[in-house]
Amino acid sequence: MTDSVQLQVWSDFLCPWCFVGALRIANLEAEFTDRLAVTWKSYLLQPEVRPKDLERFRNYTIRWNS
């Protein structure tokens, strides 16, 4: 008899690191098909909009060209 695992994942679908985690969980699901049940839940890491200073953002992105 094999034990099964119920995994509940709270994830922000816009977060790039959450995407990386989702790919890893997909690999686990493929490997442990009969023993792993994954339930996905939405969790917004930044639920409210924060105003951004456009000039500050431009200066920040200029450094990417270095």
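Tyr60 is partly exposed, with 41% relative accessible area; burial here is scored with a 1.4 Å probe on protein chains only, with buried meaning under 20% relative accessible area, exposed over 50%, and partly exposed in between. The model is a predicted one, so local features need pLDDT of at least 70 and side-chain atom pairs count only at pLDDT 80 or more, while totals for chains, interfaces and linings use all residues. Residues are numbered from 1 along each chain as its sequence is written, and side-chain values use heavy atoms, with hydrogens and water left out.

Tyr60 also pairs with Trp64, and that aromatic pair is edge-to-face, at 5.5 Å centre to centre with 75° between the planes. For the ring count, Phe, Tyr and Trp rings (for Trp, the six-membered one) pair if their centres lie within 6.5 Å; planes under 30 degrees apart are called stacked, over 60 edge-to-face, and the rest tilted. Trp64 itself counts as exposed, at 56% relative accessibility. The structure holds 2 aromatic pairs. Phe57 and Tyr60 make a tilted pair, because their ring centres are 6.5 Å apart and their planes sit at 40°. Those two residues are 3 apart in helix α2 (residues 54-62), so about one helical turn separates them. Phe57 comes out as partly exposed, with a relative accessible area of 44%. Put together, ring pairs link Phe57, Tyr60 and Trp64 into a cluster.

Stepping back to the overall layout, the protein has 2 helices and 2 strands, which run β-α-β-α from the N terminus on. These elements are DSSP runs numbered from the N terminus, with helices being H or I over at least four residues and strands being E over at least two. Strand β1 (residues 5-11) and strand β2 (residues 36-42) pair in the parallel sense over 7 bridges; strands count as paired if DSSP finds at least two bridges between them. Within that pairing, Leu7 has Val38 as its bridge partner in β2. Helix α1 (residues 16-31) joins β1 and β2 in a right-handed β-α-β unit. Right-handed here means that, with the strands pointing away from the viewer, the path from the first strand over the helix to the second runs clockwise.

A couple of residues show how these pieces touch. Ser11, in strand β1, is buried at 13% relative accessible area. Leaving aside neighbours within four places in sequence, Ser11 is in contact (heavy atoms within 4.5 Å) with Cys18, Trp40, Lys41, Ser42 and Tyr43. Over in helix α1, Glu29 is partly exposed at 30% relative accessibility. With the same sequence neighbours set aside, Glu29 is in contact with Leu36 and Val38.

As for cysteines, a search of the whole structure finds 0 disulfides, a disulfide being a pair of cysteine sulfur atoms within 2.5 Å. The closest cysteine sulfur to that of Cys15 belongs to Cys18, at 3.4 Å, which is too far for a bond. Cys15 counts as buried, at 12% relative accessibility.

On the global numbers, the protein has a radius of gyration of 18 Å, whereas a compact globule of 66 residues would be near 11 Å. That radius is taken over C-alpha atoms, and the globule rule is 2.2 Å times the number of residues to the power 0.38. The C-alpha atoms fill a box of roughly 60 × 30 × 10 Å along the principal axes. Buried residues make up 12% of the 66 residues.
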